[in-house]
Amino acid sequence: SFLSALNLSHNHISGRVPDQLGLLRSLTALDLSHNSIDELPDAISGLEEILELNVGFNYLAAMPEGLKYCTRLERLNVASNHISRMPSHLGGCKSLRELDLSSNMIEYLPEDMRGLKKISRIFITKNRIRALPLDMANIFDSVQEINMDRNPLTDLPPKWNERFSLR
């Protein structure tokens, strides 16, 4: 049998996660939350079977480019880190359904996220988002829930009401 789930949350892991993490190819769930991790390796691309990745509550400033090769990833939690830019390479995560980028320092949402065709829940609360892309309403066809509270938003894109019914 192969290791399918690994929970290393609430430990004292700090710095950069070793490249060997990418050798755990059969992992479907990885929880590295609540540590002092400041960098994930590009070797994360080796996690071909990963469905759920939780790296919340660390010190990450960016997500590795190799994440785009995790095409089966369904749930990604990067909440409470130091991310200042929403990673555009997340568009490669074609199966992503739930994304939590809450409590970071994100200032804008990139328009090149059209690859996230299956996304249904997005949490980007407590960031620094002042405006939304003009075609925000057209980017996500399958979104059921977007939580953007506690951002300095001043307006919604003109097409927003045409596409979504706000409740």
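A residue counts as partly exposed when its relative accessible area falls between the buried limit of under 20% and the exposed limit of over 50%. With 33% relative accessibility, Arg75 is therefore partly exposed. Keep Arg75 in mind as you look at this predicted model, since Arg75 takes part in a salt bridge with Glu52 and also stands opposite Glu98 in β7. The points below start with the sheet, then turn to charged pairs, the nonpolar core, the cysteines and two residues in loops.

**The sheet**

- Seven strands make up an open sheet, and their pairing is parallel.
- Reading across the sheet, the order is β1-β3-β5-β6-β7-β8-β9.
- The edges are taken by β1 (5–7) and β9 (145–147); each has a single partner strand, so one side of each has no neighbour in the sheet.
- From one strand to the next, the twist averages 5 degrees.
- For a closer look at one pairing, find strand β6 (residues 75–77) and strand β7 (residues 98–100), which pair in the parallel sense over three bridges.
- Within this part of the sheet, Arg75 has Glu98 of β7 opposite it.

**Salt bridges between strands**

- The structure contains 10 salt bridges, and several can be followed from strand to strand.
- One of them joins the side chains of Glu52 and Arg75, with an N to O distance of 2.8 Å.
- Glu52 belongs to strand β5 (residues 52–54) and Arg75 to strand β6, so this pair ties together parts that are 23 residues apart in sequence.
- Glu52 is partly exposed, at a relative accessible area of 34%.
- Another salt bridge is formed by Arg121 and Glu98, whose closest N and O atoms are 3.1 Å apart.
- That pair also links distant parts of the chain, because Arg121 sits in strand β8 (residues 121–123) and Glu98 in strand β7, 23 residues apart.
- Arg121 meets Glu145 in a salt bridge as well, again through side chains, at 3.1 Å from N to O.
- Here Arg121 in strand β8 is paired with a residue in strand β9, so parts that are 24 residues apart in sequence are tied together.
- The residues of these last two pairs are partly exposed: Arg121 has a relative accessible area of 31%, Glu98 has 24% and Glu145 has 32%.

**A salt-bridge network**

- Salt bridges also link three residues into a network: Arg16, Asp19 and Glu39.

**The nonpolar core**

- In soluble globular proteins, nonpolar side chains tend to be buried together.
- In this model, the largest nonpolar core has 37 residues.
- The residues with the most contacts inside that core are Leu40, Met63, Leu67, Leu73 and Leu76.
- Leu73 makes a good place to explore: beyond its neighbours within four places in sequence, its contacts include Ile50, Leu51, Leu53 and Leu67.
- Glu52 is also in contact with Leu73, and Glu52 is the residue that forms a salt bridge with Arg75.
- Cys93, Ser95 and Leu96 are among the other contacts of Leu73.

**The cysteines**

- A disulfide is a covalent bond between the sulfur atoms of two cysteines.
- How many disulfides are there here? The count comes to zero.
- Why is Cys70 without such a bond? The closest cysteine sulfur to that of Cys70 is in Cys93, 6.2 Å away, which is too far for a bond; the cut-off is 2.5 Å.
- Seen from the other side, the closest cysteine sulfur to that of Cys93 is in Cys70, at 6.2 Å.
- Are these two cysteines buried or exposed? Cys70 is buried, with a relative accessible area of 2%, and Cys93 is buried too, at 0%.

**Two residues with positive phi**

- His10 is not a glycine, yet its phi is positive, at about 55 degrees.
- You can find His10 in the loop between β1 and β2 (14–16).
- At 56% relative accessibility, His10 is exposed.
- Lys126, which is not a glycine either, has a positive phi of about 50 degrees.
- Its place is the loop between β8 and α1 (136–139).
- Lys126 is partly exposed, with a relative accessible area of 40%.

Notes. Residues are numbered from 1 along each chain as its sequence is written. This is a predicted model: local features need pLDDT of at least 70, side-chain atom pairs count only at pLDDT 80 or more; totals for chains, interfaces and linings use all residues. Side-chain values use heavy atoms; hydrogens and water are left out. Two strands pair if DSSP finds at least two bridges between them. Helices (H or I, at least four residues) and strands (E, at least two) are DSSP runs, numbered from the N terminus. Axes are lines fitted to C-alpha atoms, for helices over the stretch in contact, and angles run from 0 to 180 degrees between N-to-C directions. A salt bridge is a side-chain nitrogen of Lys or Arg within 4 Å of a carboxyl oxygen of Asp or Glu. Buried means under 20% relative accessible area, exposed over 50%, partly exposed in between (1.4 Å probe, protein chains only). A nonpolar core is a set of buried Ala, Val, Leu, Ile, Met, Phe, Trp, Tyr and Cys residues joined through side-chain atoms within 4.5 Å. Contact means heavy atoms within 4.5 Å.
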